[in-house]
Amino acid sequence: MEPAHIAAEAAERGGIVSGEGHPDTHYVDLSGPGPVLRTRRNLVVAFDTREPAPGAPARVALPPGTALTVTGPVTGSATAGGAVDLVLMVPGTYRVTMEAWPRRSAVETLTVPVTAGPVPEPPIGAVVIGPGLEAVRARAKEIATDHYARLALISRPAGLQAADLLKAQEAARVTAGGESEWIAIEAAERGIEPGALAGMITAESAKTVAREIERVRVTQTIARAATESGVVAALRTACLEFNLPPGA
């Protein structure tokens, strides 16, 4: 660089820092009389537990003004420092990112188990991540309803479901020893006996009924749940996991 340019930089910005660095590993310290290239040290933190119960704190010591970002079944963020109590209300696995410039970010994984019984009150001043029980119930019902609706559509397109209900009634008549023109015509097209077709229709109808009974059982268990753990446990009986989209 030309000497005139170097002099201009010195006059306007305090000079040019020599050396090599990357924003992830280095920073320019402007706190002294002149800029200095420094290495970003790691932010060293340790939670007192990595498996906090819902409502119970996971304590960590952080520099003032540390930015916390929590992602998992529920997302959230906060700025805190000192002895920080992080409280996660919904069971699941969370990734906690802590940033305190100029230190390099620290990332920890916390797993919140499903528990029985009442949930403790979070400590005063705690960073609480969770939307509240009513919101968790509402979202869980939405997850369950969408799941069973998808199963129904996989089994049969929505436009044919009304016809399937009538066909099931016709099949029941054939199974009971009666006759059905509808079943007879379709059986002839398929090249099978009407009784065999009626049995197939009845079996598929029974699956639909079982799915609907399970949907009602899951959603009503969610409605009765007294804690976030109860809600998550109800979803897991149907192999479903709770998640709340960011901003929801």
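## Surface patch and two arginine sites

Val-28, Leu-30 and Leu-37 together form a nonpolar patch of about 260 Å² on the surface. The model is predicted. One member of the patch, Val-28, belongs to strand β1, which covers residues 26-29. Val-28 has a relative accessible area of 41% and is therefore partly exposed, since that class lies between the buried limit of under 20% and the exposed limit of over 50%.

The accessibility values for Val-28 and two arginines are listed here.

| Residue | Relative accessible area | Class |
|---|---|---|
| Val-28 | 41% | partly exposed |
| Arg-103 | 28% | partly exposed |
| Arg-139 | 15% | buried |

Arg-103 sits in the loop that links β5 (92-99) to β6 (106-112). With a relative accessibility of 28%, Arg-103 is partly exposed. Leaving aside residues up to four places away in sequence, Arg-103 is in contact with Arg-40, Arg-41, Asn-42, Leu-43 and Pro-63. For one of these contacts, Pro-63, the separation along the chain is 40 residues, and the C-alpha atoms of Arg-103 and Pro-63 are 9.8 Å apart.

Arg-139 is part of helix α2, which runs over residues 133-155. Is Arg-139 buried or exposed? Arg-139 is buried, because its relative accessible area is 15% and the buried class takes values under 20%. Again leaving aside residues up to four places away in sequence, the contacts of Arg-139 are Phe-242, Asn-243, Leu-244 and Pro-245.

Conventions. Residues are numbered from 1 along each chain as its sequence is written. This is a predicted model: local features need pLDDT of at least 70, side-chain atom pairs count only at pLDDT 80 or more; totals for chains, interfaces and linings use all residues. Side-chain values use heavy atoms; hydrogens and water are left out. Patches are made of residues with over 30% relative accessible area and no salt bridge: like charges are joined within 9 Å, nonpolar side chains (Val, Leu, Ile, Met, Phe, Trp, Tyr) within 5 Å. Accessible areas come from the Shrake-Rupley method with a 1.4 Å probe; for residues, only the protein chains shown count as cover. A salt bridge is a side-chain nitrogen of Lys or Arg within 4 Å of a carboxyl oxygen of Asp or Glu. Helices (H or I, at least four residues) and strands (E, at least two) are DSSP runs, numbered from the N terminus. Buried means under 20% relative accessible area, exposed over 50%, partly exposed in between (1.4 Å probe, protein chains only). Contact means heavy atoms within 4.5 Å.
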